[in-house]
Structures are given as C-alpha cells and as structure tokens.
Amino acid sequence: MKRSSHDAREAVLGSVRSALAGGQRGSADSIPREYRGRRHVEALPELFRERVAEYRAAVHTTDSAGAPETVLGVLERADARRVVVPEGLPAQWSDPVAERHDTLEDRPRLSTTTLENADAVLTTCTVGIATTGTIVLDHGPGQGRRALTLLPDTHVCLVAASRVVDDVPAALAELDPVGPMTFISGPSATSDIELERVEGVHGPRDLHVVIVGDV
Amino acid sequence: MSGVDLGMPTFPDAARQAVRDAQLRHNLGRATSTIRNKRAAVVDELDDWEQLRASGAAIKAHTLSRLDTYLERFEAAVTAAGGTVHWARDAAEANRIVTELVRETGETEAVKVKSMATQEIGLNEALASAGISAWETDLAELIVQLDEDRPSHILVPAIHRNRSEIREIFRREMAGSGTPAPADLTDDPVQLAEAARHHLREKFLRANVAISGANFAVAETGSLVVVESEGNGRMCLTMPDNLISVVGIEKLVPSWRDLEVFLQLLPRSSTGERMNPYTSVLSGVTEGDGPSNFHVVLLDNGRSEALADEVGSQALRCIRCSACLNVCPVYERAGGHAYGSVYPGPIGAVLTPQLYGVESEDTASLPYASTLCGACYDVCPVAIEIPELLVHLRNRTTRERKGWFDRLTGTAMRGLGWVFGDSKRLGRAQRIASLGGRLFGRRGIGRLPWPMSRWTDARDAPAPAPESFRQWWERNRTGSGDER
Amino acid sequence: MRVALFATCLGDTLFPGAVRATLRVLERLGCTVEFPPGQTCCGQMHTNTGYHEQAVPAVRSFVAAFEGYDHVVAPSGSCVGSIRHQHDIVAERGGDRKLSEAVGRVSPHVYELSEFLVDVLGVTDVGAYFPHRVTYHPTCHSLRMLRVGDKPRRLLSEVRGIRLLELPEAEQCCGFGGTFALKNPDVSVAMGADKTRHVRETGAEVLCASDSSCLMHMGGLLDRQREGIRTMHLAEILAGTEEDR
C-alpha cells in the first residue's frame, strides 16, 4: 500500500498542477479583508450573557467572591453528586466543590465508565465570544482533556469577563491551534426532525456559563 | 475521471414523481421555509456580510489557485503533528485505503461523523463488503441509514421525512443494529432524539475506530475543523483511539486566521445560527487526548479535473452550507433525490456533472434542472455564480453529447440561430406565424401534440399576433410616416 | 432624447401590444424613438440552453442594429440581463475579437424599461391611469441580474386609480425559466401553480410583470384555470391614460 500511496500522491499533485498550468496564481496578500476585524459592542459581558442564553444555556453573572456559591447552587439544583474537576482548575474554584461533592480528578485517568457516570464537570475556558455566545476550550489547565467535558450530562464553565471578546476574529487571534480545541455555543442540539430544535443529543444536556465579573 | 453513469433516472423523470408526492412536498416546503427565514434573520444582523462573503470567495479562489502548494504544506503540518496523510485519486482508491486502515486496527466496526466526501465515494458500502460495519451517528444520517434510504439534503439528509415517519423507522429498524427504540416511543422530536442518543451511546463508548470528514483543513497548522450540532462529531473525534478523516482536496484554507471568515459564514448560512453548538479543531495527535492513531485521506475524485475549467472550478469553493438548496424553488418541489447524487440542489447541479462528466443522461440533465432564477447566488456565502456555471455546463453538454435527440435539438437550434442572424429571415418567419395567428384568433391555444404538449398539458399557449410589431411599424411609421 | 427600441423576438412576434405600449410611454415622455429594422433577438434562448455558438448570429445582429445609440430600451428584464451579462461570454465563445469589442461598446447602453424611466429619464409618474386591482410579480432576471429593485413598483404606485396589491412570496420564481418550462414541465407547472395561487389570494384583476415570457407562463396557467385574471406587461399599464377611457 505504501508504494501505491506514493504514486497517488504524485498523480493527484500532478493533476492539480496541470489543471493550474498557465492560470493566474493569486497572492494571499491580495485577499480583500474589509469585513470587521472588531465589532463595536457597547457592553461585552451583557451581550455575551444575552447571546449565550439565547441558545438555551443557563447564564449566571457573579464576581470572584460569589462564584463558589453560584457554582455550588448550580450543582445542587442539577442534583450533581459526582463532579469532575480537571487538573489545573484553581483551588479557589475546586476546593469549595470538594467540600460538598464527590470530586473526580483525572489523575490517574478516569475511565470512560466513570466519566459516563459522573453528573457534572466544572471547567474554565480560554475565551468567550460575545456576538455568537460561544465559549472556547483549548483543553489546557483547568479545562481537561476533551472527554471530560463531553460525557457528563452537565457542564459548568467559568468565564472571566475579561476573557470575553467581541466576535470570531478577536477570538481566533487569542487561540493557537497546537492542540485540540472545542467551540461550544449552547448545549448539544439537533434540528434534524422537521427543523425543530431539540436540545441535548450527545454532548452535555445542560450547559451553565458562570461569568465572573472581576477576574 | 468522467463518464460515470450514476444509474439514476434523469432529473425531469425523477422530479415528475416527486412533484406528485404530496407528503414530500409538504415536508420540504415546511422545512425549507423555516430554515430560509432563520438564515435571513442572522445574516441581516451583520452589516459586513457582503464583505465577509467577498473574503470567503477570495480566500477559496486563492487557495485553489495554489492548491498544490497548500496541499503539500498541509501534508507536512499533519505529519509533523503526528498524523499520516494518504492520497486517493478516486473513490475506489480512497475506499481501499480506509478499508485497509480499519483492518490494521483489527476492528470490524467504526462510528462515522456525517461527511459528504465519504458519501460521495460510497464508503459505507465498500466497508460493508469488507465485513466492516460503519455506523452513521448524525441523527438524520442515522434515520437514512436505518431506513436504507438515500440522503436528500446536504445538511439535513432526512429533510424529506416527517416526525411520524421517523418514529416508524426507529421502531422498525433500531433493534436490528443495536439498542432498540423504546416500546412507547412517540413522534415527539424530544423523544426521538433521546432514542437516538440511547441507541448511539453504546456505539460511541464501544467503538475503537472513527471515520470523519472535515469542513476545513488548515494548511498552515495541519488542523481539521469539524462543524456540528449534536455532539456526535465530538464523540467520534474524541473517544475512539483511531481516527480516519476523508477530506476533499478543495477543503483547504491557507491559514488559521482564514477561519475567522468561514466560522462566521458557515453557521449563519447553513443552520441559520450565529454559531453552531460545537466546532472541533484537531491538530494532529495530542498525547492523552483523543486518537493516538490519526490518518487523513486527501481525496481527488474528479476535483483536479474540475479545477482545470476556469469557470467550473468556482464550484470547488463550496463549503457545503446548503443555503442554495433551501432557497431553490426547484429543489423545494423536486426534493433532493431527484438530483440522483449525494450533492443535490443548485450546487449539486453544477458539481455532479463536473465530478462525473456529462456522458450519461442523468448527469447531463442536471445543469438544466434550474430556471436560472439566481436565488442561489444571492445566498451563497462564497459567491459561487451558480446560474453562470449552469449555463456554462449546459454549453459543455451541447458540445459533448452526440445522441440522436441532442443532434436533432442542435440542428433545430442552428436553424433558429440562422433565422435570428438576419432580420429579413425573421420577418419572413413572423409573417408565416402571423398567418397561423389569424387562424387561431387572439384566443389562447388549448392543447397541442408533442413536443408542444409539454407546454399545453397545463398551460394555454399564446397564438402568434396577427401582426408582428415589425409589420405594424412598417405599416405605420416608415415611408409616409403615418401615425396610428 | 433619441432612443432605440429593442422589441425582443418574443415581444415582436407574440406580444406586440407590450412593445407598442413601450413606444407610447417613451414618446409621451418626449423621447424620439427609432426601431432599427436590423434587430432580431438577443440570443438568450440559445445561450441559456447551452447553444452559445448558435447564439452568435443573434448577438452579431444585435450589435449591428444597435451600435451607436446612447440609449437602447427593451420591455424585458430577461433579455436586457442576457445582453448585459451574457453577450460577452457568447462573443468570446465565438472567438471573434471584433465582436467582443462591439459587445463591450453596445451592451452598457441597453436598459430595461423601468431602469430607463427611473434612472435615465428620472421619472416615476409617467402620467398613467389604470383604475384596477393589480398585483406585481418582480421577475427573477430584473430582480437578481439587473437589480432593478423596486423601480417597477415605484412606477406603478404613481399610476392614478390603481390599487396595488401585495403578492405573497413575490420574489419566488414563477417557474418559467425559458426551455426549463419544456424540459421540466412538471416542476415548472408546480412552481407556476403556487405562484398563481398567490396571485389569486391577492384578489387582483390583473397580474403585472416586466417580462412577457414569464407572463406567457403565468398567463397560460391562469387562462387554463379560467379565473378571469388577466396578465399585462408593465408597459401596458403605464401606457394607459385618462383620455383612453
């Protein structure tokens, strides 16, 4: 198979080159980029809150003093007993949870079954996008590997207000795709049946976004 | 690659059946109007939509103009990030590569993320014949697969089915391939989605191989981007230890920054959302997170040939949003199956003939499956001039096809062209026609024999005027300059 | 103002009333109208059916007839669309550089009637009178090829006595599509049936449009339905005055 793969590579590239022979080869610099690199937003956290909520995620606004209480309240209402806490989540967020819930740390790696049976996961995120109501996880410290935010039914995500940007261009400028990344806008959803939106298919059914104002 | 007979009826024949299916017309009309309105609302929100659209078109056009360079760059980046890149000239080669990659894992099943490329090459069927079960995990794809049906829409493959039909399919078929549907399943979409979650959960947690496509492939970083809603994509890209992604060579974008354009254009155009629920970015292998064995199969399958056509190559900009399907009045009446290809609607009508040639009747009928109304171009996020492409491909069809009917039409068109080449000839033809017109009087013509019956079966036809405008002008305005 | 009238082959042969109405409106507004006798057809039917090479004679006759005029007016969005957006393609396919150059000189001077009235003459009130219930279907090529926008509606709204009724889903294609109507009669008729249903819903007596071709299709369906709804070209409504009563 190795051999034929090499032939295929040369054949495809050769075919592409002969298709392009004689044609204009554009320069990337000449691509027009007259769209808005920044979008004027009056109040970023407010728009973010509004847009996240529109996709039926629950949004909570608080400050760093009130955040632990808010998180505990969310977990309680979700009846979450086993809560996954990724590595690198600051102690100021994880400790209060550990006092009242069974926290599951991913070291050693939690089994799929354990994750499947966990009730919730608490993470931070890398950036929030106001215009689209999106949180972006780069799965670094405080966010955990991807399975952690995929299998438990409830995802609670802490978003520092200072990490909220206006729109997609500003967000991508903050991100470096060296590892996996997940953009999340509301809970898992489908519109495959008569275009009617239903939340909660394979990803977490409930997404709670906790905006922390003074971080 | 050209001259592939998809073995389907021609568009007019297939559409005739579809138009008579009242249930189908109802399902489609309802679904397309819902999504049309959603799209319009979120597009109107952005005052720089046209600028985004121009950039999207330019980025894609630029990438295609240097595709060889970007393909090599992408390959190098994926390889450096721990992945393996394979190249496939055509469907058979891609299927062989994927089959062997699955076999090497020792597994006999794989979970699949919805992917147009793998549908295009008929991967599921190829895997099945090698004894490998490929489970579709997108809800609509699951419906289609369970029913052994064909997808009829790029984004919502089961758009032709309504909730009660879906309930029947789940109750009848789920048990045959895993967790059965609950006995008391109703046609409530919430319950139907729950049944799908339950049915597929077991497969996600068990599977060791996933197969995906990609919405974008970033040459600079070797990243694959998968845009989805349900979380089945995240499941497939995260849980199994082996991932095989089949990616058309036109999916490339040069740099990470380019996604800032497409991640605005795609969700708004396709699902009518500001952002789709989940977008996964995967850049090679990451220790401890997701697959450790990662393969990308770069698929040509007719694309490089389409690239050679200066006008036709525009179709390769397509980001598979399906906005053109949702606004197309022909698609809305005929449905996706009538196009006989995994790519239905206006984009299918320009893509399919380029990927498979126009030698067979079915693909040759596709460029004619449009009134050239232009609604598709207006909504296309990468500004593909679909009406112009359709006309271009019609021209290719008339030049390449040599059947008796094509020759007959060609002769008639040449004759008519000759008449239009000279006003004296046209004047003579009009005088003959107006004689006929006087016979009919000014009443409409009821029923005529074939081929004019194709008009008059449902519509009256106008009789030629007793006096053409030209004759009137000559009589009233030339020579003496008489007024009426 | 000196204006050359392009009757279009369909208008000339099948719908001369619409062409005479165009003439009448233009002359009433003070234009000196000429009918270059060498004109035939824009070649659109050939081009849009894929017979570019066979459209060359029509394009050739068009530029020969209209070269040198500053203003060429036609009562058809579709034909003008083809002239402005396709003649260059046909000429290039024909491989005749001289023809391509001539096309480049002629086509920018060609206007659809409502464009000419509103943009060139700068009028929306053409002094018309039409005391009937009318609904207007904006044809696809005037809307999406020429981008005439609301110009026809602005002209109609100034007509005295008219009651202009909103057509639901007005911007959806009527299903004509040139040879599409013959190659795909089932879809064509299905689209036309929805269009005429919307027309009936308005309660209009007259369905108006700026293209005789689309009107031929919709009118053919309406006539078969025997609902008593007439079709009229925009020019025919604009041509009527109070003196005609």
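Here is a walk through a few salt bridges in this predicted model.

Side chains of opposite charge can pair when their charged atoms come close. Over all chains, the structure holds 78 salt bridges, so let's pick out some and see where they sit.

Start with one that crosses between chains. Arg25(A) pairs with Asp68(B), and their closest N and O atoms are 3.2 Å apart. On the chain A side, Arg25(A) belongs to the loop between α1 (2-20) and α2 (44-54), while Asp68(B) is part of helix α4 (residues 67-80) of chain B. The two ends are not equally accessible: Arg25(A) is partly exposed, at a relative accessible area of 33%, whereas Asp68(B) counts as buried at 5%. This pair also has company. Through shared partners, salt bridges tie Arg25(A) and Asp68(B) into one network with Arg9(A), Glu10(A), Arg17(A), Glu72(B) and Glu75(B).

Now stay in chain A and look at that α1–α2 loop again. Arg38(A) sits there, and its partner Asp166(A) lies in the loop between β8 (164-165) and α6 (168-173), 128 residues apart. Here the closest N and O atoms are 4.0 Å apart. Arg38(A) is exposed, with 62% relative accessibility, but Asp166(A) is buried, with 5%.

Over in chain B, Arg303(B) and Glu120(B) form a salt bridge with an N to O distance of 2.7 Å. This one links helix α13 (residues 303-307), home of Arg303(B), to helix α6 (residues 116-120), home of Glu120(B), and the two residues are 183 apart in the chain. What about their accessibility, buried or exposed? Both Arg303(B) and Glu120(B) turn out to be buried.

Conventions: Residues numbered from 1 in each chain as written. Chains lettered and ligands numbered in written order. Predicted model: local features only at pLDDT ≥ 70, side-chain atom pairs only at ≥ 80, totals over all residues. Heavy atoms only, no water. Salt bridge = Lys/Arg side-chain N within 4 Å of Asp/Glu carboxyl O. Helix = DSSP H or I, 4+ residues; strand = E, 2+ residues; numbered from the N terminus. Buried < 20%, exposed > 50% of the residue type's maximum accessible area, 1.4 Å probe, protein only.
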